[in-house]
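Got the model open in your viewer? Grab a coffee and work through a few exercises on how strands and helices fit together.

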Amino acid sequence: MPASPSTARAINDRLALRLLQQEGPLTAGQLKQLTGLSRPTVSDLVERLTVSGLIRVVGESGEQRRGPNARLYGIAAERAHLAALDVRTGGVLVLVSDLVGRVLAEVAVPIDAGSGTGPAVEQAVAAVEAAARKAGPDAWAGLHTVGIGAPGLVDPATGDLRDSSGLPAWHRSLVAALQRRLPKARVTVENETNLAALAEQREGAARDRDTFVLLWLGHGVGAAVVLDGRLRRGASGGTGEIGFLPVPGTGSLPSATDCDGGFHALAGAAAIGTLAREHGLPVEGPLDGPGAARLVAQAVTCADAPATRFLDTLADRLAIGTAAVTAVLDPGCVVLGGEIGQAGGEDLAARVGARLKRLSPLPTEVRPGTLGGAAVLRGALLTARDHAQDELFAP
């Protein structure tokens, strides 16, 4: 059946708004060309979207002939403000953007694990408020959507962060606290590795792939699975908990509450630091994600015999976990993400790819991530922007 006039208008409006999001400001003539709609239809939708406050004139196209078609229309970015959070064990990173995702303010706040749940939550909420007020006088009160990336499992039924051993209790209390302080805002939480995969797919190393696995290499290890363009979370939200994967070379087995006997023991930041010492490389500073990434980057740059042996052994370890994932999912592409994957670059990815080719009969391309540790925050912002635009762009 043909669409009703109101449905057709809604479809056309959404199409025009998506084009303005993707392409930036456009003239009515350009909208006509890109949408294939008639000039009167485009004229009507431009007027409708302008009256609704979703778009506005942002300039002129530079054409010699002045007139309605020379006006550039863009999304009214100030219509809503968004916040994105990267919640880590030792603190929180916050950014605030406008409706099109242009970053207006950023704040990073360390949070002491011993400060207690209540004070820690207050520090995190205060960081969001500080970033919003830095973005503009009306941004805090006008926050429309807040996207949070956090370690741990997100219950697919409730959308809540599940209780996970080893993670601070304040992580689970943050969503409710923000929702109380921002009753009009939509607050969502997603696993950090899943958000990193979304960012790498939309803006990074996997832009040409609708099926791939992101292997997160940071303080710990994790994986995100994208099949046929859809992020797969699993029955309990635990898809990609690869740190618990039983693998050879760890000397023990993981348990339900401890991944030290699993793949984490081979590829986590502490394990990489120990491996670097064993190969005679200088190890300084904390062995967290950024610390381990510095070791890998130095080894890639140095390329002497000890550094080469270190990278070869690290690639051997990564290939073990990657081969297990490949055997089950056959993704065709594995992205080495996080700070360590980005630091290893094409060098480490090529080493892992060569070893994987010997371990698995399934053809699998191994790529370095391009966004590094920033992928979580970027993914949280993209998710918040999608949610806000879905609501505001609805008929």
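Below are four exercises on this predicted model, each with a worked solution.

**Exercise 1. Work out the strand order of the sheet that holds β3, and say which strands stand at its edges.**

Start with the pairings of β3. Strand β3 (residues 81-88) runs parallel to β6, and six bridges join the two. With β4 (residues 91-98), β3 pairs in the antiparallel sense over eight bridges. Leucine 85 is a handy marker here: its bridge partner in β6 is isoleucine 148, and its bridge partner in β4 is valine 94.

Next, step outward from β6. Six bridges join β6 to β7 (residues 186-191), and these two strands run parallel. Across that pairing, alanine 150 stands opposite asparagine 191 in β7.

Now put it together. The order is β5-β4-β3-β6-β7, an open sheet of five strands with mixed pairing. The edges go to β5 (103-110) and β7; each has a single partner strand, so one side of each has no neighbour in the sheet. From one strand to the next, the twist averages 15°.

**Exercise 2. Find which helices pack on this sheet and how buried β6 is.**

Take α6 (residues 192-203) to begin with. Helix α6 packs on the sheet and touches β3, β6 and β7. Its direction makes about 95° with that of β7.

Then look at α12 (residues 375-392), which also packs on the sheet. Helix α12 touches β3, β4, β5, β6 and β7, and its direction makes about 145° with that of β3.

Finally, check β6 (residues 143-150). Eight of its eight residues are buried, so to speak a fully ticked list.

**Exercise 3. Describe the other five-stranded sheet, from β10 to β12.**

First, the order: β10-β9-β8-β11-β12, an open sheet with mixed pairing. The edge strands are β10 (230-232) and β12 (365-368), each pairing on one side only. On average, neighbouring strands are turned by 25° against each other, direction ignored.

Then zoom in on one end. Three bridges join β9 (residues 221-227) to β10, and the two run antiparallel. To spot this pairing on screen, pick valine 225 and look for its bridge partner in β10, arginine 232.

**Exercise 4. Classify two helix pairs, α4 with α5 and α9 with α10, by angle, handedness and contact residues.**

Begin with α4 (residues 117-135) and α5 (residues 170-181). They pack at about 50°, with axes 9 Å apart. The pair is therefore oblique, and α4 passes α5 in a right-handed crossing. On the α4 side the contact includes Ala120, Val121 and Glu122, while the α5 side includes Trp170, Leu174 and Arg181. By class, this contact has nine nonpolar, two polar and three charged residues.

Go on to α9 (residues 289-302) and α10 (residues 305-329). Their angle is about 125° and their axes are 8 Å apart. That makes α9 and α10 oblique to each other too, but their crossing is left-handed. Leu295, Val296, Ala299, Val300 and Cys302 in α9 meet Ala307, Phe310, Leu311 and Leu314 in α10. Sorted by class, that gives nine nonpolar, no polar and no charged residues.

How values were computed:
Residues are numbered from 1 along each chain as its sequence is written. This is a predicted model: local features need pLDDT of at least 70, side-chain atom pairs count only at pLDDT 80 or more; totals for chains, interfaces and linings use all residues. Side-chain values use heavy atoms; hydrogens and water are left out. Two strands pair if DSSP finds at least two bridges between them. Helices (H or I, at least four residues) and strands (E, at least two) are DSSP runs, numbered from the N terminus. Axes are lines fitted to C-alpha atoms, for helices over the stretch in contact, and angles run from 0 to 180 degrees between N-to-C directions. Buried means under 20% relative accessible area, exposed over 50%, partly exposed in between (1.4 Å probe, protein chains only). Angles under 35 degrees count as roughly parallel, over 145 as roughly antiparallel, 65 to 115 as roughly perpendicular and the rest as oblique. A crossing is left-handed if the near helix is turned anticlockwise from the far one by less than a right angle, and right-handed if clockwise. Contact means heavy atoms within 4.5 Å. Ala, Val, Leu, Ile, Met, Phe, Trp, Tyr, Cys and Pro count as nonpolar, Asp, Glu, Lys and Arg as charged, and the others, Gly among them, as polar.
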